Amino acid sequence: MAHGGPHCAHCKVEIQDRSSMVERDGKQYCCNNCAMAMSHSA
Ligand SMILES: [Zn+2]
């Protein structure tokens with residue numbers, strides 16, 4: 001099985017929908033909420 005998709009750096013879900021993917025500081029997130037959560041806690 002192909003498993004080459006990126007995973008959300010926050011909730012670890014496999015990102016299948018590239019259109020809703022958010023890149024922040026070189027990391028990929030499944031959605032803007034995850035990107036926001038990481039940037040607030042870091
Ligand atoms: Zn996420």
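These are my notebook entries on one predicted model.

**Entry 1: confidence**

I began with the confidence of the prediction, and I found a mean pLDDT of 87 for the chain, with 86% of its residues at 70 or more. I then looked at the elements one by one: strand β2, residues 27–29, has the highest mean pLDDT among them, at 95, while helix α1, residues 32–41, has the lowest, at 86.

**Entry 2: layout of the chain**

I next read the elements along the sequence and noted the pattern β-β-α, which agrees with my tally of one helix and two strands. For burial I looked at the chain as a whole, and I noted that buried residues make up 12% of its 42 residues. Turning to contacts with a separation of 6 or more, I found that 13% of them join residues 24 or more positions apart.

**Entry 3: Lys12**

I looked up Lys12 in the segment before β1, the strand that spans residues 22–24. What caught my attention was the backbone, since phi of Lys12 is near 70°, a positive value in a residue other than glycine. Is Lys12 buried or exposed? I count Lys12 as exposed, because 9 other C-beta atoms lie within 10 Å of its own, and a residue is exposed at 12 or fewer. I also checked Lys12 against Gln28: the two are 16 residues apart in sequence, and their C-alpha atoms are 9.9 Å apart in space.

**Entry 4: Asp25**

I went on to Asp25, which I located in the loop between β1 and β2. Here too I noted a positive phi in a residue other than glycine, with a value near 60° for Asp25. On burial, Asp25 counts as exposed because it has 9 C-beta neighbours inside 10 Å.

**Entry 5: Gly4**

My last residue was Gly4, and I placed it in the segment before β1. How many C-beta neighbours does Gly4 have inside 10 Å? I found 6, and therefore Gly4 counts as exposed. I then took the C-alpha to C-alpha distance from Gly4 to Glu14, which is 9.4 Å for two residues that are 10 apart in sequence.

**Entry 6: looking back**

Rereading my notes, I have Lys12 as an exposed residue with a positive phi in the segment before β1, and Asp25 as an exposed residue with a positive phi in the loop between β1 and β2. Gly4 is entered as exposed as well, and I keep beside these residues the chain-wide figure of 12% for buried residues.

Methods: Residues are numbered from 1 along each chain as its sequence is written. This is a predicted model: local features need pLDDT of at least 70, side-chain atom pairs count only at pLDDT 80 or more; totals for chains, interfaces and linings use all residues. pLDDT is the predictor's confidence in each residue, from 0 to 100. Helices (H or I, at least four residues) and strands (E, at least two) are DSSP runs, numbered from the N terminus. A residue is buried if 20 or more other C-beta atoms lie within 10 Å of its own, exposed if 12 or fewer, and partly exposed in between; C-beta atoms are placed from the backbone. Two residues are in contact if their C-beta atoms, placed from the backbone, lie within 7 Å.
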